[in-house]
Amino acid sequence: MGSEKVLSKSQNHELLHFLGVRTGSTTSHNNAYFFPTPDTMVFVDMSLLNIPKAKTLLKGRKDKINRVILYLTHLHADHASGVVPLAIYIKNLFKNKILLEVISSPEVARAASIALTLEGGKMTFDSETKKMDEVLRFYSITDKGAFCYFEGVDVEAESLRFKYPWFHGEIIPTRHDARLTGACGFRFDFWKTTVFYSGDTNTLEPFSPRIQEYCDTAMNKEVWFYVETRVNDSKRHLQWEKIRLELSLLHQFIGKRFHVVLMHYNQPGIIIPDLLELNKDGHWIELAESEVIST
Ligand SMILES: [Zn+2]
Ligand SMILES: [Zn+2]
């Protein structure tokens, strides 16, 4: 097996695409996207750096899309600095017909809703109909239900639509940077594939048991774990040396239908030989790759 196989994206249309795949100190910020239905565009995180690519994607599907959703893992710049430019672009491209719905943990959704409210944006809220006219709408999901944050006030989102066939409302809280609370991952369900997405994290603790439990109940699904890693040791991130054994054990435990995509990585040259070794009895782990999108 050549190194091309390690780097190549697996053939499955239900997998995520990437605008960028590397760390925040590079020019390839780790943001993903997918189309759960032909009329819906979903982004996972949005850096300012990736706005040109996002614009190309949105413009190319302008006549097909009627919903844009952004799942936000946390508020570091390589994940969240593009939220407002994205909202402004959507507002102009679709002439106010569709909003940007942002879904995250309560801490992130609330902080972002207060910090990113658009100056001069049309902001109205009808308490009878719960109809909102702002450009950006922030949802968070907790054990107690879903909430929509509007001008700093929590509005119960029970009557608002926040669940989709590909997202049943599972936010996966995790630990990343102690100075910035609310980091989270997500689970997305497609027809034949379920995706767990870690976001930036310094622990596998919230993910491994969930993945095992899910695999026990959904026997017919392929399960893909998109997880961040880096070569050097870090308090805020997962060190490759420390997680490769745990990922291998998960793979042994679950079997062939478990796949791993490493993202937000540095020094791929050091990781690739390990991937060749891990894949020698069958391909199951690979590096995320950026899509080529002309801007
Ligand atoms: Zn990051
Ligand atoms: Zn981060």
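**Exercise 1. Find where His264 sits in the chain, then work out whether this residue is buried or exposed.**

*Solution.* Start with the place: His264 lies in the loop that runs between strand S15 (258–263) and helix H8 (268–278). Keep in mind as you look around that this is a predicted model.

Next, count neighbours. There are 28 other C-beta atoms within 10 Å of His264. The cut-off for a buried residue is 20 or more, so His264 is buried.

Now check the backbone. His264 isn't a glycine, yet its phi is positive, at about 55°. For context, most residues other than glycine have a negative phi.

**Exercise 2. Which loop holds Thr26, and what distance separates its C-alpha atom from that of His264?**

*Solution.* Look between strand S1 (17–20) and strand S2 (31–37): that's the loop where you'll find Thr26.

Then take the distance. Thr26 and His264 are 238 residues apart along the chain, and their C-alpha atoms are separated by 9.9 Å.

Finally, the surroundings: Thr26 has 15 C-beta neighbours inside 10 Å, so it counts as partly exposed.

**Exercise 3. Do the same for Tyr164: which loop is it in, and what is its C-alpha distance to Pro36?**

*Solution.* Tyr164 belongs to the loop between strand S10 (153–156) and S11.

From there, go to Pro36. The two residues are 128 residues apart along the chain, with 9.4 Å between their C-alpha atoms.

As for cover, Tyr164 has 18 other C-beta atoms within 10 Å and is therefore partly exposed.

To put these pairs in context, look at the whole chain: of the contacts with a separation of 6 or more, 64% are between residues 24 or more positions apart.

**Exercise 4. Lay out the open sheet that has 6 strands: what is their order, and which strands stand at the edges?**

*Solution.* Write down the order first: S11-S12-S13-S14-S15-S16, with mixed pairing.

The edges go to strand S11 (171–173) and strand S16 (285–287). Each has a single partner strand, so one side of each has no neighbour in the sheet. On average, and ignoring direction, neighbouring strands here are turned by 20° against each other.

Now walk through some of the pairings:

- Strand S12 (residues 184–189) pairs with S13 in the antiparallel sense over 4 bridges, and a hairpin of 3 residues links the two. Here Phe186 stands opposite Tyr197 in S13.
- S13 runs parallel to strand S14 (residues 222–228), with 5 bridges between them. Tyr197 turns up again, this time opposite Tyr226 in S14.
- S14 and S15 are parallel too, over 6 bridges, and Val227 faces Leu262 in S15.

One last check, on S13 (residues 193–197): 4 of its 5 residues are buried, so you can call it mostly covered.

**Exercise 5. How do H6 and helix H7 (residues 240–254) pack against each other, and which strands do they touch or cross?**

*Solution.* Begin with the pair of helices. Their axes are 11 Å apart and the packing angle is about 10°. That makes H6 roughly parallel to H7.

Then find the meeting points: Ser208, Ile211, Gln212 and Cys215 in H6 meet Glu246, Leu250, Phe253 and Ile254 in H7.

Move on to the sheet. H6 packs on it, touching S11, S13, S14 and S15, and its direction makes about 170° with that of S14. H7 lies across S14, S15 and S16, running at about 160° to S15.

**Exercise 6. Which residues touch the most other members of the largest nonpolar core?**

*Solution.* The core has 72 residues, and Leu70, Val102 and Ala112 are the ones to pick.

Zoom in on Leu70. Setting aside neighbours within four places in sequence, Leu70 contacts Phe43, Met46, Val83, Leu86, Leu100 and Val102.

For the wider view, 39% of the 295 residues in the chain are buried. In soluble globular proteins, nonpolar side chains tend to be buried together.

**Exercise 7. Is Asp45 buried or exposed?**

*Solution.* Find it in the loop between strand S3 (40–44) and helix H2 (51–60). Asp45 has 29 C-beta neighbours inside 10 Å, so it counts as buried. Its phi is positive, near 70°, and Asp45 is not a glycine.

Technical notes: Residues numbered from 1 in each chain as written. Chains lettered and ligands numbered in written order. Predicted model: local features only at pLDDT ≥ 70, side-chain atom pairs only at ≥ 80, totals over all residues. Core = buried A, V, L, I, M, F, W, Y, C linked by C-beta atoms within 7 Å. Buried ≥ 20, exposed ≤ 12 C-beta atoms within 10 Å, placed from the backbone. Contact = placed C-beta atoms within 7 Å. Pairing = 2+ DSSP bridges. Axes fitted to C-alpha atoms, helices over the stretch in contact; angles between N-to-C directions. Parallel < 35°, antiparallel > 145°, perpendicular 65-115°, else oblique.
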